[in-house]
Amino acid sequence: MKKSCFLMFIMGVFLVGICGCAGTERNSAATGSGNKINTETEISYDVEGYKERLQQKRVPFTDYADQYADDVSAVIAAEYQLLHFDQAVFGEFPNTDKVSLLKADDRNITAEESIDIVKGWLKNIWKTDDVNLETELGVLNFNIDTSGDESVVETADGTKYPLVYPHITELMSGEGVFLDRDDCYIVIGDDGIGEMSDGKVSRYLNENGISARAADVLFMEQLGTEIVSGDTEELGEEVYPLINEELTIGEGADIAEKYFSQGTPYAWTEELQSRASEVTVYQVEDVYCYEFDMTRYYCGVPVVRTESGTYQFDGNYYVAGDSKKAYVADGESVTAYRGTNDGEPLIPLVTEEELLCLPDAVGILDENLASQLNVSVNLVEFVYLPLGFEDSSNTDEEIFFPCWRFEGFNSVKNETMELYVDALTGDVYYYTFSPENTGYHAE
């Protein structure tokens, strides 16, 4: 049975919520070889079963970059039962010589580590002397009994949360802490900073007679007016006046990328990087702010991003993709960001140097789709698809699958579809998506 779920950002304290749904059908494939599992991490996903499904008919990555253009032409020229590619845009094939089945490191940081992160962040934004963490730092835990004492902090919407310091001995790893002030705002999740705002934009607005809190910038669509949006590289030369100087969009993207290479609990590695792939420009009174969608890349292959809205899955899996928006409002640094922390290490479970070529992946997909689908594909690219599984004993486990991605529109049901074929096994995953602003709600 298909189920629907709703992914959205909730202002107040913790933004990102995601749920998963039920039944899948997967392709069987021939056996193959792979690297040994990292025995230092607990794994619920059936890695040995994955290795048994590795397809024999695969092409070396070292040869495929030269073959890719011909394969694109072959797919466009071919006729398929349920898929149509006449309007499709094909992304560039990534510069890599291998891919892996990956597992995200699900280490939960401790309350003490969270406090240290907040202290370091306050020092970086020059607010150490303004904040008393013992009376202002809250914990995201409603199960702590605070009746009969005053060890709580009240947020702007009137919700009361326990204070961290009086209850620190009760806190487990991954509890999450927050600081919610007019002039600065931060939320620490189980793997680091999930949201932050240093207050620069709200200070500018307050100085111009407009009441605003630091957290307000995290929803720029409500604070400002959208001017333009699109691919960062294509819009990179456009210039707008920010709070303290004019910057090109490309210069703003450089600031965002530099911040995430140095300013998060996990620094970039040679394998894992984050890029400002999409941009939206907002006007806020007399100045502008750049909102960048950050895309994570592992060894040159992009990780799927998620947006707020309704997801309907045809399996026991759910998408656990990245979702991070970074805001640049001056020439100094990122002023705010919201979304999943994208710096946790990724652990290779199986590594292969050969992949299913694009026409074979399309053929597998066309054969496995339900007959009531008729999909006009508008985007094809090679990605990592992060999934969680409802039947996993480790509910926080995220597995990253190297996949051919097909984004399109199903004319039979008037719905947007995301379809994926695992480039090593031929396993098929797909789901429908309705953006939050369509008014479609979860069942």
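Here's a quick tour of this protein chain, from the whole fold down to one helix and one tyrosine. What you're looking at is a predicted model. The chain runs to 443 residues, and 54% of them count as buried. Its secondary structure comes to eight helices and 28 strands.

**The chain as a whole**
- Take the contacts between residues at least 6 apart in sequence: 70% of these join residues at least 24 apart.
- About 19800 Å² of the protein chain is exposed, with carbon and sulfur atoms supplying 44% of that area.

**How confident the prediction is**
- The average pLDDT for the protein chain is 83, and 83% of the residues score at least 70.
- Over residues 1-39, though, the pLDDT is below 50. The model still gives this stretch 149 contacts beyond near neighbours in sequence.
- At residues 438-443 the pLDDT also stays under 50, and here the model has 11 contacts beyond four places in sequence.

**Helix H3**
- H3 covers residues 111-124, so to speak 14 residues in a row. From first C-alpha to last it reaches 20 Å, close to the 20 Å expected at 1.5 Å a residue.
- Which residues of H3 are buried? They are Ala111, Ser114, Ile115, Ile117, Val118, Trp121 and Leu122.
- Look down the axis of H3 and these buried residues fall within an arc of 160 degrees, so they line one face of the helix.
- Flip to the other side of H3 and you'll find Asp116, Lys123 and Asn124, which are exposed.
- What do the buried residues of H3 pack against? Their partners are helix H4 (133-136) and three stretches of strand: S10 (177-180), S11 (185-189) and S12 (192-197).
- Just after H3 comes Trp126, which takes a positive phi of about 60 degrees.

**Tyr282 and its surroundings**
- Tyr282 sits in strand S16, which spans residues 272-284.
- Is Tyr282 buried or exposed? Its relative accessibility is 5%, so Tyr282 counts as buried; the cut-off for buried is under 20%.
- Leaving out residues up to four places away in sequence, Tyr282 touches Met220, Glu221, Gly224, Thr225, Glu226 and Ile227, along with Val287, Tyr288, Cys289 and Glu291.
- Val228 makes a nice example of sequence versus space: Tyr282 and Val228 are 54 residues apart in sequence, yet their C-alpha atoms are 7.6 Å apart.

How values were computed. Residues numbered from 1 in each chain as written. Predicted model: local features only at pLDDT ≥ 70, side-chain atom pairs only at ≥ 80, totals over all residues. Heavy atoms only, no water. Helix = DSSP H or I, 4+ residues; strand = E, 2+ residues; numbered from the N terminus. Buried < 20%, exposed > 50% of the residue type's maximum accessible area, 1.4 Å probe, protein only. Contact = heavy atoms within 4.5 Å. Areas by Shrake-Rupley, 256 points an atom, 1.4 Å probe, with all protein chains shown as cover. pLDDT = per-residue confidence, 0-100. Expected span 1.5 Å × (residues − 1). Arc of directions from axis to C-beta.
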